[in-house]
Amino acid sequence: MAVPLVLQYEIEALLAEYAAVLDAADLEQWPEFFTEQCLYEIIPRENYDRGLPLAIMRCESKGMLKDRVVAIRDTMMYEPRYMRHMISGVRVTGESPEGITVEANYAVFETLIDDLTHIFNVGRYLDRIVRDGGQLKFAEKHCVYDSVLVPNSLIYPL
């Protein structure tokens, strides 16, 4: 599918800024990448491919994303860590009145303060992006991870 270079650039810039916010642990800014009515989920590949809705994290509105941030900041106990996102292979897979569908690969690395860096999670983003107030925002973000196993320390969004 031929995509105008300006649109490709805008989408790649959106994903790069998304990763930068998460890597900086600026979680209060994370919900601002989404529309008011949105879907965000972290789901195993097997469930996604079978159309099964069971996800390890699922938020169905911007308000739920904000609640997730409050939970991470105020109620969860976890060891400090640094996360680093690598996003590649960004492809526009469709355009319709409902938005732009985009697929990209991701790898997230985790570094605990006193440990070596390791691969935390790998998969692909399946996004539906729309223009909202002149800005591109996620109406849907499916983080489809490849492994059946996930660390029990998955507290941050991917």
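This is a short tour of a predicted model, moving from the whole chain to its cysteines.

**Whole chain.** Start with the cartoon view of the complete protein. Coloured by secondary structure, the protein shows 3 helices and 6 strands. Followed from the N terminus, these elements come in the order α-β-α-β-α-β-β-β-β. The radius of gyration is 15 Å, close to the 15 Å that the globule rule gives for 158 residues, so the protein is as compact as a globular protein of that length. Aligned on the principal axes, the C-alpha atoms fill a box of roughly 45 × 30 × 30 Å.

**Contacts.** Next, display contacts between residues at least 6 apart in sequence; 58% of them join residues at least 24 apart.

**Surface.** Switch to the surface. About 8600 Å² is exposed, and carbon and sulfur atoms supply 55% of that area. Of the 158 residues, 46% count as buried.

**Charges.** Select the charged side chains. There are 15 positive and 25 negative charges, and the mean positions of the two sets lie 2 Å apart.

**Cysteines.** Now select C38, C59 and C143 and show their side chains. How many disulfides does the structure hold? The count is 0.

- C59: the closest cysteine sulfur is that of C38, at 7.7 Å, which is too far for a bond, since a disulfide requires sulfur atoms within 2.5 Å. C59 counts as buried because its relative accessibility is 4%.
- C143: the closest cysteine sulfur belongs to C59, 10 Å away, so this pair is also too far for a bond. With a relative accessible area of 0%, C143 is buried.

Key. Residues numbered from 1 in each chain as written. Predicted model: local features only at pLDDT ≥ 70, side-chain atom pairs only at ≥ 80, totals over all residues. Heavy atoms only, no water. Helix = DSSP H or I, 4+ residues; strand = E, 2+ residues; numbered from the N terminus. Rg over C-alpha atoms; globule rule 2.2 N^0.38 Å. Buried < 20%, exposed > 50% of the residue type's maximum accessible area, 1.4 Å probe, protein only. Contact = heavy atoms within 4.5 Å. Areas by Shrake-Rupley, 256 points an atom, 1.4 Å probe, with all protein chains shown as cover. Lys, Arg positive; Asp, Glu negative; His and termini not counted. Charge placed at Lys NZ, Arg CZ, Asp CG, Glu CD.
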